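Please work through the following exercises with the sequence and the coordinates at hand. Each task is followed by a solution in steps.

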Amino acid sequence: MPVFFFDVCARGRLEADEAGLELASAEAAYLEACAAIPGLTAELLRVGDHPRGYAFVVADEAGRVLFEIPFHEVLGRP
C-alpha cells in the first residue's frame with residue numbers, strides 16, 4: 001500500500017510528517033486530511049491559536065506534493 005505524508009504548513013513554517021500513513025489511494029489521503037482538520041482546529045483553539053493560515057500539504061512517497069488543503073476550505077471560512 002502506498003504511504004502518504006501529511007505536512008502541516010502554518011504561517012510560513014512547515015511541520016514535516018516523518019512517519020506518514022499507508023492508505024489505499026491519493027483520494028483516501030485527501031479524505032483523511034479533510035477528516036483530520038476539525039480535530040486539529042479544536043486543538044489549536046484550545047491552546048489559544050487560530051487555524052487561519054494553516055494547511056495540510058499531502059505528498060506521496062516520492063515527495064511529490066499531491067494536495068494543498070487550507071483548513072478554511074474544510075471549515076467553510078477564509
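The exercises below concern a predicted model and proceed from the overall fold to single residues.

**Exercise 1. Overall architecture**

Task: Determine how many helices and strands the protein has, in what order they run, and what the radius of gyration says about compactness.

Solution.
- Step 1. Counting the elements gives 2 helices and 5 strands.
- Step 2. Read from the N terminus, their order is β-β-β-α-β-β-α.
- Step 3. The radius of gyration is 12 Å, close to the 12 Å that the globule rule gives for 78 residues, so the protein is as compact as a globular protein of that length.
- Step 4. The C-alpha trace spans about 35 × 20 × 20 Å along its principal axes.
- Step 5. Of the 78 residues, 32% are buried.
- Step 6. Taking the contacts between residues at least 6 apart in sequence, 47% join residues at least 24 apart.

**Exercise 2. The annotated region**

Task: State which feature UniProt places at residues 4-71, and describe the secondary structure of that stretch.

Solution.
- Step 1. The UniProt record, an unreviewed entry, gives the feature "domain: DUF6894" for residues 4-71.
- Step 2. In the model, this stretch is 32% helix and 35% strand.
- Step 3. The C-alpha atoms at its two ends are 18 Å apart.

**Exercise 3. Strand pairing**

Task: Establish which strands pair with β1, and then treat the pairing of β4 with β5.

Solution.
- Step 1. β1 and β4 run antiparallel and are joined by 6 bridges; within this pairing, C9 stands opposite A55.
- Step 2. β1 is also antiparallel to β2 (residues 13-15), with 3 bridges, and here A10 stands opposite R13.
- Step 3. A further antiparallel pairing, of 2 bridges, links β1 to β3 (residues 21-22); F4 has L21 as its bridge partner.
- Step 4. β4 pairs antiparallel with β5 (residues 65-70) through 5 bridges, and A59 is partnered by V65.
- Step 5. β4 and β5 form a hairpin with 5 residues between them, and G63 in the turn has a positive phi of about 90 degrees.
- Step 6. As for burial, 6 of the 8 residues of β1 are buried, so that this strand is mostly covered.

**Exercise 4. The nonpolar core**

Task: Identify the residues with the most contacts inside the largest nonpolar core, and find which elements supply at least two of its residues.

Solution.
- Step 1. The largest nonpolar core has 15 residues, and F6, F56, V58 and I69 have the most contacts inside it.
- Step 2. At least two core residues come from each of β1 (3-10), α1 (26-46) and β4 (54-59).
- Step 3. The element that gives the most is α1, with 5 residues.
- Step 4. To illustrate with I69: once its neighbours within four places in sequence are set aside, its contacts are Y30, A33, C34, I37, A55, F56, V58 and V74.

**Exercise 5. The cysteines**

Task: With a cut-off of 2.5 Å between cysteine sulfur atoms, decide how many disulfides are present, and classify C9 and C34 by exposure.

Solution.
- Step 1. Applying the cut-off gives 0 disulfides.
- Step 2. C9 is in no disulfide, and the nearest cysteine sulfur, that of C34, is 16 Å away.
- Step 3. C34 is likewise in no disulfide, its nearest cysteine sulfur being that of C9.
- Step 4. The relative accessible area of C9 is 26%, so this residue is partly exposed.
- Step 5. C34 has a relative accessible area of 14% and is therefore buried, since buried means under 20%.

**Exercise 6. R11 and its contact with H50**

Task: Locate R11, explain what sets its phi apart, and describe the setting of H50.

Solution.
- Step 1. R11 lies in the loop between β1 and β2; these strands form a hairpin with 2 residues between them.
- Step 2. Most residues other than glycine have a negative phi.
- Step 3. The phi of R11 is near 50 degrees, a positive value in a residue other than glycine.
- Step 4. R11 is partly exposed, with a relative accessible area of 45%.
- Step 5. H50 is found in the loop between α1 and β4 and is partly exposed, at a relative accessible area of 36%.
- Step 6. Apart from neighbours within four places in sequence, H50 is in contact with R11 and L45.

How values were computed: Residues numbered from 1 in each chain as written. Predicted model: local features only at pLDDT ≥ 70, side-chain atom pairs only at ≥ 80, totals over all residues. Heavy atoms only, no water. Core = buried A, V, L, I, M, F, W, Y, C linked by side-chain atoms within 4.5 Å. Buried < 20%, exposed > 50% of the residue type's maximum accessible area, 1.4 Å probe, protein only. Helix = DSSP H or I, 4+ residues; strand = E, 2+ residues; numbered from the N terminus. Contact = heavy atoms within 4.5 Å. Pairing = 2+ DSSP bridges. UniProt positions renumbered as here; feature names shortened; annotations may be inferred. Rg over C-alpha atoms; globule rule 2.2 N^0.38 Å.
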